[in-house]
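Biologist: I should like to learn how the features of a protein model are read, one at a time. Please give the general idea in each case and then the example.

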Amino acid sequence: MKQIVKKQTSNKEVKMKNILGHRDYSSQRKIRETIQNSVNYQNENIESAELLCFFETSKQRTWLVATDKRLYIILDDVRKNYVKVNKSYRISSLEKDKKLNVRIDPDYKTLAGRIYFQNATRGWLYSKKLFPNSNELHNAIERIINRLK
C-alpha cells in the first residue's frame, strides 16, 4: 500500500516564491472576498456567491463570481501579488427578454474561445479544456446566475 505524504511548505519557501514572482492560486474564499474591493460592491452576501472558473493557464485563472445583485469577473494571476476585479455587471442587465444576454464564440482560437456579456465588443477568453462545448459554458453561467434568484 502506497502512502501519500503531504509536504509541509515552510515560511521561507513561501517568501521565496513571492520574491521570485510566483505564488499559489488564491482560494475560493479569497476569490469571493475580492469582490468587496469593487467600486460596485453593495454589501452583497459573499458567502452565498457562486463561483465559476472559466479560464486557466499555468499563470492565471479568471473567475465569474455571481451574487444576487452582480456578476463579477475576477483575475487571479500568480505572477502578481493580488487578485483583482476586472469588471462587473448588474445581473438585471445580463438578461434580455428573459434570456441570458451572453454570446460565446468557440472559434476564436484552438485552445480558447471568447465570452461576450451584453453587447460588448471586447470578449473574455475562456479555456476550451474547461469547457470543450460552448453550450456547457453558457449553461454553467446561466446556472450560477439563476441559483441566486
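The dialogue below takes up secondary structure, burial, strand pairing, nonpolar cores and salt bridges.

Modeller: A note on the source comes first. This is a predicted model, in which local features need pLDDT of at least 70 and side-chain atom pairs count only at pLDDT 80 or more, while totals for chains, interfaces and linings use all residues. Residues are numbered from 1 along each chain as its sequence is written, and side-chain values use heavy atoms, with hydrogens and water left out.

Biologist: Which elements does the chain contain, and in what order do they run from the N terminus?

Modeller: Helices (H or I, at least four residues) and strands (E, at least two) are DSSP runs, numbered from the N terminus. The chain has three helices and nine strands, and their order from the N terminus is α-α-β-β-β-β-β-β-β-β-β-α.

Biologist: How is burial defined, and what percentage of the residues count as buried?

Modeller: Buried means under 20% relative accessible area, exposed over 50%, and partly exposed in between (1.4 Å probe, protein chains only). Of the 149 residues in this chain, 41% count as buried. The areas come from the Shrake-Rupley method with a 1.4 Å probe, and for residues only the protein chains shown count as cover. The chain exposes about 10000 Å², of which carbon and sulfur atoms supply 46%.

Biologist: How should strand pairing be read, and in which sense do E1 and E2 pair, parallel or antiparallel?

Modeller: Strands of a sheet pair through backbone hydrogen bonds, either parallel or antiparallel. Here two strands pair if DSSP finds at least two bridges between them. Strand E1 (residues 50-56) and E2 are antiparallel, with six bridges, and Leu51 has Val65 in E2 as its bridge partner. A hairpin of three residues connects E1 to E2.

Biologist: What lies on the other pairing of E2, with strand E3?

Modeller: E2 and strand E3 (residues 70-77) run antiparallel and are joined by seven bridges. Thr62 has Leu75 in E3 as its bridge partner, and a hairpin through three residues again links the two strands. Strand E2 (residues 60-66) is mostly covered, with six of its seven residues buried.

Biologist: In what order do the strands of the open sheet stand?

Modeller: The open sheet has three strands in the order E7-E8-E9, with antiparallel pairing. E7 and E9 are at the edges with a single partner strand each, so one side of each is left without a neighbour in the sheet. The twist averages 30° from one strand to the next. Four bridges join E8 and E9, and Ala112 has Ser127 in E9 as its bridge partner.

Biologist: Which strands does H3 lie across?

Modeller: H3 lies across E7, E8 and E9, and runs at about 155° to E7. Such angles run from 0 to 180 degrees between N-to-C directions, the axes being lines fitted to C-alpha atoms, for helices over the stretch in contact. Contact means heavy atoms within 4.5 Å.

Biologist: How is a nonpolar core recognised, and which members of the largest one touch the most others?

Modeller: A nonpolar core is a set of buried Ala, Val, Leu, Ile, Met, Phe, Trp, Tyr and Cys residues joined through side-chain atoms within 4.5 Å. The largest has 23 residues, and Phe54, Leu64, Leu71, Phe117, Leu137 and Ile141 touch the most other members. At least two residues each come from E1, E2, E3, strand E7 (102-105), strand E8 (112-117), strand E9 (124-127) and helix H3 (134-146). H3 gives the most to this core, with five residues. Apart from this core lies another, of 12 residues, including Ile31, Cys53, Val65 and Val83.

Biologist: Finally, how many salt bridges are found, and how are they judged?

Modeller: A salt bridge is a side-chain nitrogen of Lys or Arg within 4 Å of a carboxyl oxygen of Asp or Glu. The whole structure holds six. Arg29, Glu33 and Glu47 are linked in a network: the closest N and O atoms are 3.8 Å apart for Arg29 and Glu33, and 3.2 Å apart for Arg29 and Glu47. Arg29 lies in helix H2 and Glu47 in the loop between H2 and E1, so this pair ties together parts that are 18 residues apart in sequence.

Biologist: Which parts of the chain does the pair Glu50 and Arg147 tie together?

Modeller: Glu50 and Arg147 meet in a salt bridge at 3.3 Å, N to O. Glu50 lies in strand E1 and Arg147 in the segment after H3, so the pair ties together parts 97 residues apart in sequence. Glu50 is buried at 19% relative accessible area, whereas Arg147 is exposed at 58%.
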